[in-house]
Amino acid sequence: MKLAFSSLSCPSCNVDELIRMARKYGYDGVELRTLENTINLWELEDFSPSMLPATCEKFRLAGLQVLVVGTSISFAKTDPGNKEKQLDLLKKFSLIARGLDCPYLRVFGGPIPEGQTYGEVLSRDIEGYREAISIAEYYGVKLLFETHDDFSTSTAMLPLLEGTGGKAGVIWDILHPYRFGESMETTCKHLIPYVRHVHIKDSAVYSKDGFDIALPGQGRVPIPLAVSLLKEAGYEGYLCFEWEKHWHPDIANADISLPHYVQYMREIL
């Protein structure tokens, strides 16, 4: 297994700064979410159609794989026009992923809106993602559902995976199923056939209602157990550090968190 990190760790970085940071601390891959303080990557010059080949070449020459392009896409909301909006975002992000030789887009089942049921959201997600999967396939990209929000546990996630014909994969964010009360063993057993990418994070105080953020090894999430289960299951993908500095500006800067993660994970691996 190799190590990667999300650009959420250094939200103000541009592409060149992100690459320098990855090389400095010994990472093998990166996940793109926030750069230059925006999640709308298509607004940045480096990800414009004319510049994408050069940007892709920068990552290639640095020996870095762009593993996932992160999105907030979800069909959970009932807002008029939401489906069309999400599919438009999907096309924009798919163009970027294809241009970077990136195989995956991260998407969500989503939180259940007030007044809605899980079944209603599941039906809306299945309808939307059947179309979204076909669009992504046209661009040569596969969708990965993250274990997050009301689709954190394997019990909640499996009906969505099955309803979309098993054509999407999973990002196992090890914190979220665990804080919803599902054991690491259960999550891994049920989702491992679909797992294509893994998010590592730690937390000291967590429940289904929320969580804090701790540097790996300084919280109470059994990260070594998750890694051991993945090893036993034959997972050979990346372990990606999702340090959410963009959403939580008070946590440690990348020059502290990124080298810490590498040292901590190398000891485990």
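1. Start with helix 3, where Asn-82, Gln-86, Leu-87, Leu-89, Leu-90, Phe-93, Ser-94, Ile-96 and Ala-97 are buried. Bear in mind that this is a predicted model. The cover over those buried residues includes helix 2 (52-61), strand 3 (65-70), strand 4 (104-107), helix 4 (118-138) and strand 5 (142-146).

2. The length of helix 3 checks out: with 18 residues (82-99) at 1.5 Å a residue it should span 26 Å, and its end C-alpha atoms are indeed 26 Å apart. After the helix comes Asp-101, with a positive phi near 55°.

3. Now the charged pairs. The whole structure has 10 salt bridges. One of them ties Lys-83 to Glu-131, with 3.1 Å between the closest N and O atoms. That pair links distant parts of the chain, since Lys-83 sits in helix 3 and Glu-131 in helix 4, 48 residues apart. Lys-83 is partly exposed at 25% relative accessible area, and Glu-131 is partly exposed at 36%.

4. Have a look at Arg-106 too. Its side chain meets that of Glu-146 in a salt bridge, 2.5 Å from N to O. Here strand 4 holds Arg-106 and strand 5 holds Glu-146, 40 residues apart. Both ends are buried: Glu-146 has 1% relative accessibility and Arg-106 has 3%.

5. Arg-106 also forms a salt bridge with Glu-242, at 3.9 Å from N to O. Glu-242 lies in the loop between strand 10 (238-241) and helix 9 (254-268), 136 residues from Arg-106. Glu-242 is buried as well, at 4% relative accessible area. Through shared partners, salt bridges join Arg-106, Glu-146, Asp-173, Lys-201, Glu-242 and Glu-244 into one network.

Conventions: Residues are numbered from 1 along each chain as its sequence is written. This is a predicted model: local features need pLDDT of at least 70, side-chain atom pairs count only at pLDDT 80 or more; totals for chains, interfaces and linings use all residues. Side-chain values use heavy atoms; hydrogens and water are left out. Helices (H or I, at least four residues) and strands (E, at least two) are DSSP runs, numbered from the N terminus. The expected span of a helix is 1.5 Å times one less than its number of residues. Buried means under 20% relative accessible area, exposed over 50%, partly exposed in between (1.4 Å probe, protein chains only). Contact means heavy atoms within 4.5 Å. A salt bridge is a side-chain nitrogen of Lys or Arg within 4 Å of a carboxyl oxygen of Asp or Glu.
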